[in-house]
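Ready for a walk through this structure? Keep your viewer's selection box handy, and we will go from stop to stop.

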There are 2 protein chains.
Amino acid sequence: MDSTLVSQVRQFNRTVTERVGALNERFLGRDRPLGQARLLWEIGKEGRDVRRLRSQLGLDSGYVSRLLRSLQAEGLVTVEPQQDDKRVRNVRLTPAGRAERTLLDRSADDLAASLLQPLTDAQRTRLVTAMGDVERLLTAAIVTITPADPEHPDARHCMQQYAAELDRRFEHGFDTAQSNVARPGELRPPAGLLLVARLHSQPVGCGALKFKPDAPTQIKRMWVDESARGLGVGRRLLYELERHAAVHGTRVLHLETNRSLTAAISMYRSAGYTEVEAFNDEPYAHHWFEKHITPTPHEGL
Amino acid sequence: MDSTLVSQVRQFNRTVTERVGALNERFLGRDRPLGQARLLWEIGKEGRDVRRLRSQLGLDSGYVSRLLRSLQAEGLVTVEPQQDDKRVRNVRLTPAGRAERTLLDRSADDLAASLLQPLTDAQRTRLVTAMGDVERLLTAAIVTITPADPEHPDARHCMQQYAAELDRRFEHGFDTAQSNVARPGELRPPAGLLLVARLHSQPVGCGALKFKPDAPTQIKRMWVDESARGLGVGRRLLYELERHAAVHGTRVLHLETNRSLTAAISMYRSAGYTEVEAFNDEPYAHHWFEKHITPTPHEGL
DNA sequence: TCCATTCTCTGACTTTAGTCAGAGAATGGA
DNA sequence: TCCATTCTCTGACTAAAGTCAGAGAATGGA
């Protein structure tokens, strides 16, 4: 890895955590421990169940329990069992809790404003733009891409979303029954491979390979969730699929797509796929692409 | 303040501190409290005196003392009185301490690399560029600009640096004696005003006004330290001077400058100053500028 | 109807990160 | 020479942020 990049990232980490961290304490931690404040914030106006609070903040169950009790003692929250599963408990803000949360909200606004205040308009715009870029790319960096079984709940979620989106976007909708859609077994080794992209362990994208003896490997089910677009997830999925295909000995990749998926088409083009004659009779396809790759069997094993 | 900007800054603070903070702990805080690690890092290869450590990390003297003793107990540092002032104590790393610091260094590199690793080359470059922007602008945001007495050590430092820089940059050097340089009294209210820009309480720039009865107010001693260029400090100094001048009732501002100071000249132009005939006989000047402003007496009082 | 599992809570801890009020030594200037 | 100041250290605290090992209630499937 380029050491200049690494040292610039380190410099950034130092400066930003120091600067923003210091402000965080000065503004938010004024009369309330940061832990309590974070919890109060995360409960939200609608309330939340304890389990979700815990996983979102990454805290010990005992610790959260204690924090909740201290908030309860101050009359800021109420805790009661969920209707349908009485093991789970729901936390809600009382009116006093909502008022306190609004105060925190104001403090966070003040903090942000204090960072912007000394800057000129032009500088403010540049700062916010750069912050957006950093955020987006840091988010992209924590997206993981791993093989998954087609029957795994995350995989099924992706497939459903995939079909639902095609149905929305195709001129005449999309019906799984009419398409040459792959059955789960075909996307499971050794017949194929399914990759799932996850962000904060939520599935946000997928892509699959279907290996064919003595024929090009097919790319299937490329999908990226609305919320994760613009992070380069599609490109990474494609790249990972190509890598796996190469290990499997693939020389040629095939994929077909619908003309309504313009962003995908231009991504395929820019990733080196060239349009070819129709190589199958998929009813929903308008474009057929192929790419030649270099097999690298057993690499990294 | 534009609430879109504010909420974007908040979003950034949340995402980035969470993400970088989590990594910080996972990589750096593995087998050593973060406080110790920071101290170990800050001591540096050359050693440092305790006073400076304290001020750089912003910690209580008793706390630093205790941290140092725990590092000493592990054989990582030695502490001994300074030669010339035995109240001050110097801290140095032992070979074991240096080894430990190298380990920390490696961890910090790994952390940074782990952020970059999942990204494509293009994304890495964009991330690092955006990080640089954010850092620079956050640094700019904590520069303070306040009036100072011309005899204050920080003010004197600025004046000396100002003269030294002119001497370096002018073709034939710069001699205070030959210039119509203002004496301290002239830059002190009510005759004038001196502003000092500071970063982390170190002086990094200055600018002054000289009020003249029934004549344009003069801008003098505009200087920004090498280390703080590109942060918009000059522009902010100029803006603040104009604001003070307006409050004082000024209608026209005058300033003269040397042709070697090209960056300053273009800043004056872009800030609305127009070149005019020479209005004085300053021997080092090649360009004379003026700007009309609207007086705002007693504003904000 | 069991029984393993899930979810939350409690009690008993620990570690980290400080703060505060001096004490004691050294220094610098009047 | 004195005295205020500076610098570091020590003792005596505190608060925050967790960790860990259960206990007890509820649930869901065999």
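Begin with the surface near DNA strand C: its residues divide into 12 charged, 6 nonpolar and 4 polar. Here Asp, Glu, Lys and Arg count as charged, Ala, Val, Leu, Ile, Met, Phe, Trp, Tyr, Cys and Pro as nonpolar, and the others, Gly among them, as polar. A residue is near a strand if one of its heavy atoms lies within 4 Å of it.

Before you click further, note that this is a predicted model, in which local features need pLDDT of at least 70 and side-chain atom pairs count only at pLDDT 80 or more, while totals for chains, interfaces and linings use all residues. Residues are numbered from 1 along each chain as its sequence is written, chains are lettered from A and ligands numbered from 1 in the order in which they are written, and side-chain values use heavy atoms, with hydrogens and water left out.

**Stop 1: DNA strand C**

Select Arg51(A), Arg66(A), Arg69(A), Arg89(A) and Tyr63(B), which come nearest of the 22 residues around DNA strand C. Which part of the strand faces the protein? Of the strand C atoms within 4 Å of the protein, 69% belong to sugar or phosphate and the rest to bases.

Now show polar contacts (pairs of N or O atoms within 3.5 Å; within protein, one must be able to donate a hydrogen and the other to accept it, and residues adjacent in sequence count only if both atoms are side-chain atoms). The side chain of Arg69(A) has an N or O atom 2.6 Å from a phosphate oxygen of DNA strand C. For Arg89(A), a polar side-chain atom lies 2.6 Å from a phosphate oxygen of DNA strand C. Lys86(B) uses a polar backbone atom, 2.9 Å from a phosphate oxygen of that strand.

Colour the elements next: helix H3 (50-57) and helix H4 (61-73) of chain A, with helix H2 (34-43) and helix H4 (61-73) of chain B, each give two or more residues to this surface. H4(A) gives the most, with 5 residues. Helices (H or I, at least four residues) and strands (E, at least two) are DSSP runs, numbered from the N terminus.

**Stop 2: DNA strand D**

Move on to DNA strand D, which 22 residues surround, the closest being Tyr63(A), Arg51(B), Arg66(B), Arg69(B) and Arg89(B). Zoom in on Arg66(B), where a polar side-chain atom lies 2.6 Å from a base oxygen of DNA strand D. Arg89(B) instead places a polar side-chain atom 2.6 Å from a phosphate oxygen. H4(B) supplies the largest share of the surface near this strand, 5 residues.

**Stop 3: Glu135(A)**

Select Glu135(A) in helix H6 (residues 121-141) of chain A. Is Glu135(A) buried or exposed? Its relative accessibility is 14%, so Glu135(A) counts as buried (under 20% relative accessible area, against over 50% for exposed and partly exposed in between; 1.4 Å probe, protein chains only). Leaving out residues up to four places away in sequence, Glu135(A) touches Gln8(B), Gln11(B), Phe12(B) and Thr15(B), where contact means heavy atoms within 4.5 Å.

**Stop 4: His287(A)**

Finish at His287(A), in strand S10 (residues 287-292) of chain A. This residue counts as buried because its relative accessibility is 19%. Show the side chains of His287(A) and Glu275(A) together: a polar contact of 2.6 Å joins them.
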